[in-house]
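Welcome! Have the sequence and the 3D view open beside you, try each exercise on your own, and then read the solution.

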Amino acid sequence: MIEIKDLHASVDGKAILKGINLTIGAGEVHAIMGPNGSGKSTLSNIIAGRDGYTVTKGSITYKGKNLLEMSPEQRSWEGIFLAFQYPVEIPGVNNTYLLKAGVNAKRKHQGLQELDAIEFLQIVREKAKLVELDQSFLSRGVNEGFSGGEKKRNEIFQMAVLEPSLALLDETDSGLDIDALRIVANGVNHLRSKDRSVVMVTHYQRLLDYIQPDVVHVLMDGKILKTGGKDLALELEERGYDWVRQEAAA
Amino acid sequence: MSVSLQTVRDQAWLAFEARGLPTTRDEDWKYTDLSRISALLGEQWWQAAAATEIDAAAFAIPNLDAYHMIFVNGRFDAEASDLPAGITVSSLAGLIQDEPDKTIELMAYHADAALSSGLTAANSALASDGACICIAANTRLDKPLHILHVNDGGTSHLRSSIEVGQHAELEIIEHFAGNHDASGLTNSVTAIRLAAGGRCTHYRLQLEAVKQCHNGRVEVKQSRDSAYVLHAVELGALLSRTDVISKLDEQGASCELNGLFVASNRQHVDHHTRIEHNAPHCVSREHYRSVLDGRAHGVFNGKIIVGKGAVKTDSAQSNANLLLSDKAEIDTKPELEIYNDDVKCAHGVTIGQLDKNQLFYLKSRGISEEEAKQMLTFAFADEILAKMGSQPVRRFIERAAFAKLPIITDLEGMLV
Ligand SMILES: Nc1ncnc2c1ncn2[C@@H]1O[C@H](COP(=O)(O)OP(=O)(O)O)[C@@H](O)[C@H]1O
Ligand SMILES: [Mg+2]
């Protein structure tokens, strides 16, 4: 699905990613853990195409194509989705309208016919049910006046509608209560299939109780210092991160 | 001692001759160069246009259920109008004939105002017609009154007077429109008085033809517990200046001024607003936005004066501006004069481009850069229009405003 090779990136001349190597196969779920400021959001943002980052070295190949050459909207059409750590509010832009425009832009790109209003509404209703999002949210401005948890659920709702091939969840679990966490996990598990991949950036092991990852990575100081299975997450929760750094240095 | 209407008119004319047009040396007119009016219209720019016939139906607001008072080239068109029964609605010209004394009061009300410019004096001297409305105490006009001023170029001086009695309610839509290539001047003064507990919602839609000049003045005097809401929209005209003065003269009065400019090409739009808190416990809200494209120039000057006795004043003002091109320009200035300590006054100004985070968010959902920009521009402006209670007026303005901007692929879908 995606292959990241020796990725170096900086912001305002400050090096943040210092040689990331990461390969994610179709159908796999990976978790990326790491302390604050280690570069997790930077990595997610670079994959989604946010500007302001300079890739100084390395490459990202997505479905056989050079990802770094694509615009953010092209990446979306090709199936990349980022659930933002801090979703912005966009007052005045209707939630449903945004999604309809996004879905139809993608369909156009794929040479498919655009969905009409009724077909689209059906999909939207169904997906809203999946993430237990009240219908009233559909006609509100994007994230406008939403609580923290509602914003995260809205991200998962959008993901469910857009049906990406590669979903990146940047700390979608942070700040959620158990009910919301279950709903979010439900949305992600629903998406899982043999040709879809998921990357979960998280601080906490508890999300992984709901969504079983195939691989767990530790991102520290702009590098992936350790990779393991689900047990690694448990170990990190217990012992913190310092030992990983020491082990890597040794 | 009685003065004739002619005397009042003559005095106003003398005042106009003495003052002439304001110049850019005048602080209040620094950014708005009225010499363009005489350059466009000639030395006799103040001379009224000839009577003509225009099909007012072409300027209708779709789906609006309202009474209509229609003026063509500054003259009341009774045929085309549809006035409500049971309340006093007359045209100024009619009033001059039937009740000249009442007219004197109406004219004198402004002619000497120290705040007004030579243009207002010219208006007092020359106003030919306008809407004169009186809503009796404890009554409400069951439908809005659409006051449509259409012109085919040339100059008209319009003088309107709106009186809302105690606990009476009125909704008016003042609408300035034209569809021609000529240059003219619309010089309009609207005086509104709200008695205790009176309420008035005032839509002021400036959709003049592309080469028309527009000078407007809205002066509102408010008694105890009265409420005034203005939705001012500036879309048309080459050069447009409007002064809005709201006097909160007695306690508990409130005003809300919402303004939106959408300007492109070489349009110039200027609003000077002045809210006077002259009594305790009054509330004012003011929200202005502009979207400026091409070489458009916007001016916003928002003065708020809180007098010594106006304790417990609650006032908030915001002005946000979106510049879509490098050549577009905005001059914005909040002016707060506060003469007592017991007040709440918030204000803020922003000038900028579109928010990068919002743009990225939309693009990451598959929206193209161009469409994302259009959506955000629409949303920015629509936040002001969303304050309108009248859905037909809001829709009408949305369509007219966005016809001026790069086209949104599916505007209908955007409408919330
Ligand atoms: N736009 C930016 N400008 C300056 N520094 C940034 C920017 N984005 C991230 N950084 C810095 O890069 C580092 C990694 O940040 P981030 O990727 O957000 O970490 P994480 O998501 O792992 O907490 C931090 O030191 C942060 O301050
Ligand atoms: Mg982060």
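The exercises below deal with a predicted model, and each one comes with a worked solution.

**Exercise 1. The surroundings of the ligand**

Find the residues around ligand 1 and sort them by type. Which helix gives the most to this shell?

Solution.
- Step 1: Start with the list. Around ligand 1 you will find A:Val11, A:Lys14, A:Ile16, A:Pro35, A:Asn36, A:Gly37, A:Ser38, A:Gly39, A:Lys40, A:Ser41 and A:Thr42.
- Step 2: Sort them by type. Three are nonpolar, six are polar and two are charged.
- Step 3: Match them to the elements of chain A. Both β2 (14-24) and α1 (40-48) supply at least two residues of the shell.
- Step 4: Pick the helix. With three residues, α1(A) gives the most.

**Exercise 2. Polar contacts of the ligand**

Which residues place polar atoms close enough to ligand 1 to count as contacts, if the cut-off for a pair of N or O atoms is 3.5 Å?

Solution.
- Step 1: Look at a side chain. An N or O atom in the side chain of A:Lys14 is 3.3 Å from an oxygen atom of ligand 1.
- Step 2: Turn to the backbone. A polar backbone atom of A:Ser38 is 3.2 Å from an oxygen atom of the ligand, and for A:Lys40 a backbone N or O atom lies 2.8 Å from a ligand oxygen.
- Step 3: Ask how much of the ligand is covered. On its own, ligand 1 has 550 Å² of accessible area, and the protein covers 62% of that.

**Exercise 3. The nonpolar core**

How many residues does the largest nonpolar core have, and which of them have the most contacts inside it?

Solution.
- Step 1: Count the members. The largest nonpolar core has 70 residues, and A:Ile47 and A:Val93 have the most contacts inside it.
- Step 2: Look for the main contributor. Helix α7 of chain B, residues 369-385, gives the most to this core, with nine residues.
- Step 3: Check the domains of chain B. Domain 1 (5-250) and domain 2 (356-416) each provide at least three residues of this core.

**Exercise 4. Two covered helices**

Are most residues of helices α5 and α6 of chain B buried or exposed?

Solution.
- Step 1: Take α5(B), residues 118-126. Eight of its nine residues are buried, among them B:Leu119, B:Asn123 and B:Ala125.
- Step 2: Take α6(B), residues 356-364. Here seven of the nine residues are buried, including B:Phe360, B:Tyr361 and B:Lys363.
- Step 3: Inspect the two ends of α6(B). At its start, a side-chain oxygen of B:Asp355 comes within 2.8 Å of the backbone nitrogen of B:Asn357. After the helix comes B:Gly366, with a positive phi near 100°.

**Exercise 5. Positive phi angles in loops**

Where are B:Asp225 and B:His281 found, and what is the sign of phi in each?

Solution.
- Step 1: Recall the usual case. Most residues other than glycine have a negative phi.
- Step 2: Check B:Asp225. Its phi is positive, near 60°, and B:Asp225 sits in the loop between β10 (213-222) and β11 (227-234) of chain B. It counts as partly exposed because its relative accessibility is 41%.
- Step 3: Check B:His281. Phi is again positive and near 60°, and the residue lies in the loop between β14 (268-277) and β15 (283-292) of chain B. At 44% relative accessibility, B:His281 is partly exposed.

**Exercise 6. Sequence and space**

How far apart are A:Glu89 and A:Lys5, and how far apart are B:Asn138 and B:His167, in sequence and in space?

Solution.
- Step 1: Place A:Glu89. This residue is in the loop between β6 (80-83) and β7 (90-94) of chain A, and it is partly exposed, at 31% relative accessible area.
- Step 2: Compare A:Glu89 with A:Lys5. They are 84 residues apart in sequence, and their C-alpha atoms are 34 Å apart.
- Step 3: Place B:Asn138. You will find it in the loop between β4 (131-135) and β5 (145-151) of chain B. B:Asn138 counts as exposed because its relative accessible area is 60%.
- Step 4: Compare B:Asn138 with B:His167. The two are 29 residues apart in sequence, and 4.9 Å apart from C-alpha to C-alpha.

Key: Residues numbered from 1 in each chain as written. Chains lettered and ligands numbered in written order. Predicted model: local features only at pLDDT ≥ 70, side-chain atom pairs only at ≥ 80, totals over all residues. Heavy atoms only, no water. Near = heavy atom within 4 Å. Polar contact = N/O pair within 3.5 Å; in protein donor to acceptor, adjacent residues only side chain to side chain. Areas by Shrake-Rupley, 256 points an atom, 1.4 Å probe, with all protein chains shown as cover. Helix = DSSP H or I, 4+ residues; strand = E, 2+ residues; numbered from the N terminus. Nonpolar A, V, L, I, M, F, W, Y, C, P; charged D, E, K, R; others polar. Core = buried A, V, L, I, M, F, W, Y, C linked by side-chain atoms within 4.5 Å. Buried < 20%, exposed > 50% of the residue type's maximum accessible area, 1.4 Å probe, protein only. Domains from an automatic or database assignment.
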